[in-house]
Amino acid sequence: MMSRVRFLILGAGPTGLALAHSLLQRGVPRRDVLVIESEAVSGGLCRSAMVDGRPIDIGGGHFLDVRKQEVLDLLFHFMPASEWDIYRRVAKINLSGQEIDHPLESNLWQLSKQNQADYLESIARAGCVAGSPMPESFEEWVRWRLGERIAQDYMLPYNRKIWSMALDRLGTYWLHKLPDVSFRDALRSCLEGKPYGTLPAHGSFMYPKTHGYGEVWRRMGVALGDRLITGCQVNHIDVTRRTVNGRFTADTVISTIPWSEWPRMADIPDEIADRMAELVHVGIDVDYCSDNLSSRAHWIYEPCEQVPHHRILVRHNFCPGSRGYWTETNALRSGPAGIFRHRNEFAYPVNTRGKPEAVSAILAWAATQRIIGAGRWGKWEHMNSDVAVAESIRLAGDLVENKDGLP
Ligand SMILES: Cc1cc2nc3c(=O)[nH]c(=O)nc-3n(C[C@H](O)[C@H](O)[C@H](O)COP(=O)(O)OP(=O)(O)OC[C@H]3O[C@@H](n4cnc5c(N)ncnc54)[C@H](O)[C@@H]3O)c2cc1C
């Protein structure tokens, strides 16, 4: 029997879950909304699993840091504020064995005097401080913005590890989020022995008291009842009929699953299939180790290229009653698995040079078929879960008002 719905949502990660609930909250009848998900549990990259008696976030370290009240309202509806702890963020960088607070450029004062002098000199010579034009290549851009030392000791090796590809494949259009480095602020910070400059906007985050980050998304899935079908992998899409797996057909399809998977599932015009094939992603392995660390950090960035992982999540510092830590490693760099490993094949969409044009072309074609791309994989962007939820709330409003939610 073919199921016909008004809105068929592919994928039950934060984007699909928030969209489905926002549609229902706006009065769309339950029978008009259906979510299909390949995994057994909803939550996508934000899922958690019990390992060594306590939760681990199997998609990597996840912390809630919300900018918009409507996002909090939606999430607290399923997991109230009383079930979350609030932490002041402690993020460190392991710089040749010394843990320095993140961001490095605001915390050079924690280095030895000799190193402070070297870093300050290299910031004074940075292109953006000296007023030279902004370069187009990623590596040159990082040197231009942060100076040679921060580039060499941290940013470039860290990026080589997390992406595990030639850095000249990356664009620079996404780096605007990095603050300008100010020589004056860096000098003041070294002289006064405290951080100066642009610090991360959100110095605190929330994490569930007795669960992993995945709990709120699991509950959102459960609350959808029969409007969520789990364990159902999308493997065939008839684009013209908007029919999925020959079982579900819809007026509008909202895809939160990776576009790069579409050509093997659907008949796509060649020029669009080529654009989909241009999209690049990386996989991340999450590996658990039961040892406790002496660090008081919640997480530690690891730029050393001899070490496979690029980040350590110190579980016992944010998950009460737990021990151990987990690491995040680009799947291409992983060694043998230890006591627990979860591989996320689709973890990071990569901001390659041609990506914005490729995504625009895909979304424009999809719109002509009443198919909407949403979320991390529908937009191919590094959005955090709170941003994914905010976008879904907005999209639900557009869909209900018949604005199609199309750009
Ligand atoms: C290492 C790491 C750390 C992060 N840290 C944070 C953080 O601290 N805070 C934060 O807010 N965000 C964080 N994020 C981002 C967060 O994971 C994403 O914003 C969020 O998961 C995006 O949700 P989504 O629904 O768009 O995508 P996803 O979570 O990827 O969900 C997509 C869903 O589609 C399903 N799917 C895929 N293919 C198919 C198919 N063929 N058929 C059916 N279903 C399919 C998947 O199983 C998945 O459930 C982090 C991400 C990573 C990788």
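A polar contact here is a pair of N or O atoms within 3.5 Å; within protein, one must be able to donate a hydrogen and the other to accept it, and residues adjacent in sequence count only if both atoms are side-chain atoms. The model is predicted: local features need pLDDT of at least 70, side-chain atom pairs count only at pLDDT 80 or more, and totals for chains, interfaces and linings use all residues. Residues are numbered from 1 along each chain as its sequence is written, and side-chain values use heavy atoms, with hydrogens and water left out.

**View 1. Polar contacts of the ligand.** A backbone N or O atom of Gly61 lies 3.0 Å from a ligand nitrogen. The side chain of His62 places an N or O atom 2.7 Å from a ligand oxygen. At Phe63, a polar backbone atom is 2.8 Å from a nitrogen of the ligand. Taken alone, the ligand exposes 1000 Å², and the protein buries 92% of that (accessible areas by the Shrake-Rupley method with a 1.4 Å probe).

**View 2. The shell around the ligand.** The ligand has 33 residues around it, each with a heavy atom within 4 Å. Thr15, Glu37, His62, Met383 and Ser385 come nearest. Helix 12 gives the most to this shell, with three residues. By class, the shell has 13 nonpolar, 14 polar and six charged residues. Ala, Val, Leu, Ile, Met, Phe, Trp, Tyr, Cys and Pro count as nonpolar, Asp, Glu, Lys and Arg as charged, and the others, Gly among them, as polar.

**View 3. A sheet of seven strands.** The sheet is open, has mixed pairing and runs in the order 7-6-14-15-16-13-17. Strand 7 (98-101) and strand 17 (340-349) are at the edges; each has a single partner strand, so one side of each lacks a neighbour in the sheet. From one strand to the next, the twist averages 25 degrees. Strands are DSSP runs (E, at least two residues) and helices too (H or I, at least four), numbered from the N terminus. Two strands pair if DSSP finds at least two bridges between them.

**View 4. Strands 6 and 14.** Strand 6 (residues 91-95) pairs with strand 14 (residues 299-301) in the parallel sense, over three bridges. Ile93 has Tyr301 of strand 14 as its bridge partner.

**View 5. Strand 13 and its partners.** Seven of the nine residues of strand 13 (residues 281-289) are buried, that is, under 20% relative accessible area. Strand 13 pairs with strand 17 in the antiparallel sense over seven bridges. Here Tyr288 stands opposite Phe340. Strand 13 also pairs with strand 16 (residues 325-330), antiparallel over six bridges. There, Ile284 stands opposite Asn330.

Notes: Axes fitted to C-alpha atoms, helices over the stretch in contact; angles between N-to-C directions. Buried < 20%, exposed > 50% of the residue type's maximum accessible area, 1.4 Å probe, protein only.
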